[in-house]
Number of protein chains: 2
Amino acid sequence: MLYIIGLGLGDERDITLRGLEAVKKCEKVYMEAYTSLLSFGLSADGLSTLEKLYGKPITVADRDMVEEKVDTMLSEAIASDVAFLVVGDPFGATTHTDLVVRAKELGVNVKVIHNASVMNAVGVCGLQLYRYGETVSIPFFTDVWKPDSFYERIQNNRKLGLHTLCLLDIRVKEPTWESLARGKKQYEPPRFMTINTAIEQLLEVEQQRGESAYDEETECVGFARLGSEDQMIVAGTMRELLAFDFGAPLHCLVIIGKTHPLEEEMLNVYRHK
Amino acid sequence: MLYIIGLGLGDERDITLRGLEAVKKCEKVYMEAYTSLLSFGLSADGLSTLEKLYGKPITVADRDMVEEKVDTMLSEAIASDVAFLVVGDPFGATTHTDLVVRAKELGVNVKVIHNASVMNAVGVCGLQLYRYGETVSIPFFTDVWKPDSFYERIQNNRKLGLHTLCLLDIRVKEPTWESLARGKKQYEPPRFMTINTAIEQLLEVEQQRGESAYDEETECVGFARLGSEDQMIVAGTMRELLAFDFGAPLHCLVIIGKTHPLEEEMLNVYRHK
């Protein structure tokens with residue numbers, strides 16, 4: 001059996017009792033490291049905190065492994081219980097559909113243990129989840145590569161009065177250009193997009209497209225370290241949030257659509273002062 | 001401090017370690033019963049299972065109390081630690097924004113402990129959460145009352161190729177007409193909309209409106225008891241699902257928009273046979 005277990009958003013205490021029970025009975029425990037390293041402050045210390053809680057070693061399944069060596073994990077899961085740990089929910093912002101499909105092809109039984117994800121935890125700001133439209137991803141722009149497919153989606157959502165959750169780019173284990181040329185893997189330092197960069201890029205695209213999907217005065221909510229003890233939630237215009245320091249990653253951003261009075265009342269709690 | 005704690009979807013083992021820790025240190029524990037009774041099989045037995053796990057009594061805050069007596073709970077939370085337990089996530093399908101706003105007005109500190117919600121756990125079927133449009137609610141129709149505002153929303157989502165999550169009506173503690181007339185509260189037995197009823201009503205509205213937002217051949221996914229050990233997930237056309245018996249509540253339904261190949265592969269796992 002392959003258990004795909006959501007760890008939630010904050011730290012090691014966000015696993016569910018059901019999830020912990022499953023980890024404890026598994027013979028082997030893998031952890032997806034793609035987005036998880038920092039969410040859980042996963043220095044060597046963070047990992048050992050988890051290992052102490054679970055009472056067993058964890059194999060960090062970094063991006064290379066997730067892409068290249070998943071079959072080893074799956075073949076282990078045919079004969080024994082294996083856990084694959086995922087920060088947030090297994091089918092939240094980063095989905096593990098491909099893993100489930102491959103497992104099913106190999107005849108491996110899969111059990112999913114859900115948890116909170118950024119996709120539902122943003123509800124804490126008071127904007128109702130059922131009033132969100134399509135979610136968009138904001139990728140890091142370079143001088144020559146500025147993909148802006150998010151623009152049209154935000155525009156569509158706003159025409160319908162819906163809120164838009166913007167997931168901000170994470171670059172972990174990106175091979176350097178140099179290493180690609182030499183055929184020897186070396187990695188860029190990890191990069192996490194801030195709310196400030198996201199808003200800069202959003203406004204840059206608006207200036208180019210000029211279709212008034214949003215502007216500097218558009219109301220937003222910025223979230224940093226959502227679900228952690230030191231989470232930060234601030235509501236304000238793009239202009240206001242552009243100048244605000246949200247601190248350490250992860251960040252995400254919601255562009256507000258049409259609000260109800262109760263949503264407004266709740267946003268006031270988080271209003272930029 | 002008022003802790004608003006999500007319990008997740010399945011049973012008592014879906015609380016997080018952080019949530020359980022909070023409950024254990026609270027002097028008083030309330031539980032929202034509006035939608036929760038059945039999710040956790042909350043007969044008297046279910047409640048005592050929770051009380052045993054927490055090591056303390058739980059006050060069930062039924063709908064009357066949630067509306068009328070919340071201030072008692074909030075005033076207790078000024079001087080001591082109080083837990084308010086919510087099935088799913090505190091800001092998922094049913095939101096508790098009003099509670100937070102009232103708490104803030106009274107100067108009560110609030111801490112939210114997130115968990116899985118139907119809003120993110122539907123991701124398990126393989127349809128990616130960021131490709132969902134606005135969520136709709138399908139209310140029970142009567143002979144004279146058939147509100148169909150969901151129709152336009154589904155139509156808008158489908159025009160954009162987006163999936164639609166349909167939350168199905170729950171009627172708990174509805175006063176009987178007779179009791180309203182007599183001024184003495186008596187309640188109708190609880191009712192939970194099945195996927196079958198939802199599809200019947202959807203097709204009834206399509207027939208009246210005739211704008212081809214969807215039809216009998218539209219692909220959907222039906223979910224029953226999502227997140228529980230005996231959850232059921234079936235993908236098929238409205239016509240196919242209309243004839244399918246999903247068993248006990250809670251049910252919800254996703255109307256599929258435009259799919260990617262990986263979404264299709266995953267749906268095949270759940271395809272109606």
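Student: In this predicted model, in which sense do strand β2 and β3 of chain A pair, and over how many bridges?

Tutor: Good place to start, and yes, the model is predicted. Strand β2 of chain A covers residues 28-32, and Y30(A) in that strand has T59(A) as its bridge partner in β3(A). The pairing of β2(A) and β3(A) is parallel, and the number of bridges is three.

Student: Which strands stand at the edges of the open sheet that contains β2 and β3 of chain A?

Tutor: The sheet has five strands in the order β3-β2-β4-β1-β5, paired in parallel. An edge strand here pairs on one side only. On average, neighbouring strands are turned by 25 degrees against each other, direction ignored. The edge strands are β3 (59-61) and β5 (110-113) of chain A.

Student: Which strands does helix α5 of chain A touch as it packs on the sheet, and what angle does its direction make with that of β4(A)?

Tutor: Let us take its neighbour on the list too: helix α1 (residues 17-25) packs on the sheet and touches β1, β2, β4 and β5 of chain A. The direction of α1 makes about 140 degrees with that of β1(A). Helix α5 (residues 70-79) touches β1, β2 and β4 of chain A, and its angle with β4(A) is about 135 degrees.

Student: Is A77(A) buried or exposed?

Tutor: A77(A) sits in helix α5 of chain A. Leaving aside neighbours within four places in sequence, A77(A) is in contact with M1(A), L2(A), V82(A) and V108(A). Its C-alpha atom is 5.4 Å from that of L2(A), although the two positions lie 75 residues apart along the chain. With a relative accessibility of 1%, against a cut-off of under 20%, A77(A) counts as buried.

Student: Why can strand β7 of chain A be called largely enclosed by the rest of the structure?

Tutor: Look at both directions in which its residues point. T164(A), C166(A) and L168(A) point one way, L165(A) and L167(A) point the other way, and all are buried. In general, side chains in a regular strand alternate between the two faces of the sheet. Strand β7 (residues 164-168) is largely enclosed because the buried residues number five of the five.

Student: What is the handedness of the β-α-β crossover from β6(A) to β7(A)?

Tutor: Strand β6 (residues 136-138) of chain A pairs with β7(A) in the parallel sense over three bridges, with I138(A) opposite L168(A). Between those strands the chain passes through helix α8 (residues 149-159), and the crossover is right-handed.

Student: Which residue in β12(A) is the bridge partner of T164(A)?

Tutor: Strand β12 of chain A covers residues 251-255 and runs antiparallel to β7(A). The two strands are joined by four bridges. The partner of T164(A) in β12(A) is I255(A).

Student: In the open sheet of chain B with mixed pairing, which strands stand at the edges?

Tutor: The five strands follow the order β6-β7-β12-β10-β11, and the twist averages 25 degrees from one strand to the next. Helix α10 (residues 195-209) of chain B lies across β6, β7, β10 and β12, at about 45 degrees to β12(B). Each edge strand has a single partner, so one side of each lacks a neighbour in the sheet; these strands are β6 (136-138) and β11 of chain B.

Student: Which residue of chain B does D89(A) touch?

Tutor: The UniProt annotation "binding site", from an unreviewed entry, includes D89(A). D89(A) lies in the loop between β4 (82-86) and α6 (97-105) of chain A, and is buried with a relative accessible area of 2%. Its contacts, not counting residues up to four places away in sequence, include G6(A), T94(A) and H114(A), and from chain B, N120(B).

Student: What turn lays chain A on chain B?

Tutor: The superposition has an RMSD of 0.0 Å, with a shift of 0.0 Å along the axis. That is the relation of a two-fold axis. The same surface serves both copies, as 100% of the contact residues of chain A recur in chain B. The turn is 180 degrees.

Methods:
Residues numbered from 1 in each chain as written. Chains lettered and ligands numbered in written order. Predicted model: local features only at pLDDT ≥ 70, side-chain atom pairs only at ≥ 80, totals over all residues. Heavy atoms only, no water. Least-squares fit on C-alpha atoms with pLDDT ≥ 70 in both. Contact = heavy atoms within 4.5 Å. UniProt positions renumbered as here; feature names shortened; annotations may be inferred. Buried < 20%, exposed > 50% of the residue type's maximum accessible area, 1.4 Å probe, protein only. Pairing = 2+ DSSP bridges. Right-handed = clockwise from strand over helix to strand, strands pointing away. Axes fitted to C-alpha atoms, helices over the stretch in contact; angles between N-to-C directions.
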